[in-house]
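Visitor: I am new to this structure. Please take me through one part of it closely, the surfaces where its pieces meet.

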Amino acid sequence: MVGNDIIDIEATKRSKDPNGLGWKRPGFIEKIFTESEQKLIATSKDPFITVWQLWSMKESAYKVFIQAGGEPFYNPKTIECQFESLNGHIKIKKLNLKSKSIVNQAYIFTVVGNENLNIKSKVINIGNDVKLQSKILRKHLLKDLSQTYNLEIAKLKIEKILNGIPRLYYVEKELELAISLTHCGSFGGYSFERLR
Amino acid sequence: MSDKDKMIEELKALIKPYIQDEEAFKNLHENTNFIEDLKINSANLVDIVLDIEDKYDIEIDNDSMDKMLSVKAALEIIEQKVSKK
């Protein structure tokens, strides 16, 4: 199982809420972060980064939870995150997961999985045309998969099943691979892992 | 316009800034899902909850928010909280 999430830093700074306050909006932090996460944010040198790193951990963990057959819900505060620098632990319902984040000036990218985190991921620039972004990202993922597993790219297909879970097919046969796709602003990221 | 249609229109005005699928937004109905259909970024769903709280002067606790994934669920929660005011 694998879940990922990307935060385009510039795009996220252009917040869409009525007063453009973003994470500083009254009530925002309290609604989605646990007490201990709120402490991490309050004492952080860069609270913006801490907020969105934590958020990307929650979002990625949620994707793993849904992939594992969990029922959709919207209650980010019940997803508990801890991290030391770029490595994290996340508890979502009964699942205990591990995370790894990349933080740079352009984006925050987090990948979440089980214990070993034997996951291959990549971040790419997918441009600004929202109609093309998903196509570009999928193309990159399929190319990588075909090279990694020596499969014919034309026979690979990604399809979304119930609850938006992406699945991978070769001709009509479902492959034993977990994949996750994410995009935000002009960045996209994909991750994949062989299931045993 | 029925009360429900009026509420859907009010809700549409609130969520407009956050949607990323214009087509699904134009065709919005009760069973429209915020994230799957309207492609709303899940972090913005918190903004929608806060906007609803401000507009109707209600408080949406986390247990109610837990189910707020569709237009229908949002309408039910608003109705329930407004009636308790």
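Guide: What follows is a walk along chain A, from the meeting of its domains to its contact with chain B. Keep in mind that this is a predicted model.

Start inside chain A. The chain splits into domain 1, residues 2-115, and domain 2, residues 123-194. Taken over C-alpha atoms, the centres of domain 1 of chain A and domain 2 of chain A lie 23 Å apart. The two domains touch. On one side, 18 residues of domain 1 of chain A take part, and they meet 19 residues of domain 2 of chain A.

How much area is buried between domain 1 of chain A and domain 2 of chain A? The figure is about 1400 Å², and carbon and sulfur atoms give 62% of that area. Three residues stand out on the domain 1 side. A:Val2, A:Ile6 and A:Gln67 supply 39% of the area that domain 1 of chain A buries against domain 2 of chain A, more than any other three residues.

Now look for pairings across this domain interface. Between domain 1 of chain A and domain 2 of chain A there are zero salt bridges by the rule. Polar contacts are found there: six residue pairs, both partners at pLDDT 80 or more.

Which elements of domain 1 of chain A give two or more residues to the side that touches domain 2 of chain A? They are strand E1 (2-8), helix H1 (9-13), helix H4 (47-67) and strand E5 (107-113) of chain A. E1(A) gives the most, with seven residues. By class, this side of domain 1 of chain A holds 10 nonpolar, five polar and three charged residues.

Next, turn to the partner chain. The contact between the chains draws 20 residues from chain A and 21 residues from chain B. Here the area buried between chain A and chain B is about 1800 Å², with 53% from carbon and sulfur atoms. On the chain A side, A:Lys16, A:Lys31 and A:Tyr74 lose the most area to chain B. Together they make up 45% of what that side buries.

This interface does have salt bridges. The count between chain A and chain B is four. In one salt bridge, the side chain of A:Lys31 meets that of B:Glu53, at 2.8 Å from N to O. So A:Lys31 appears twice in this account: it is among the residues of chain A that lose the most area to chain B, and its side chain joins B:Glu53 in a salt bridge. Polar contacts across the interface of chain A and chain B come to 11 residue pairs, both at pLDDT 80 or more. Helix H2 (28-32) and H4 of chain A are the elements that give two or more residues to the side of chain A that touches chain B. That side of chain A has 10 nonpolar, four polar and six charged residues.

Two backbone details remain, one in each chain. A:Asn150 is not a glycine, yet its phi is positive, about 55 degrees. A:Asn150 sits in the loop between helix H5 (130-149) and strand E7 (156-160) of chain A. Its relative accessible area is 71%, which means A:Asn150 is exposed.

In chain B, look at B:Asp57. Its phi is near 50 degrees, again a positive value in a residue other than glycine. B:Asp57 is found in the loop between helix H3 (42-56) and helix H4 (62-65) of chain B. B:Asp57 counts as exposed, at 58% relative accessibility.

Terms used. Residues numbered from 1 in each chain as written. Chains lettered and ligands numbered in written order. Predicted model: local features only at pLDDT ≥ 70, side-chain atom pairs only at ≥ 80, totals over all residues. Heavy atoms only, no water. Domains from an automatic or database assignment. Contact = heavy atoms within 4.5 Å. Buried area = accessible area lost by both parts, 1.4 Å probe. Polar contact = N/O pair within 3.5 Å; in protein donor to acceptor, adjacent residues only side chain to side chain. Helix = DSSP H or I, 4+ residues; strand = E, 2+ residues; numbered from the N terminus. Nonpolar A, V, L, I, M, F, W, Y, C, P; charged D, E, K, R; others polar. Buried < 20%, exposed > 50% of the residue type's maximum accessible area, 1.4 Å probe, protein only.
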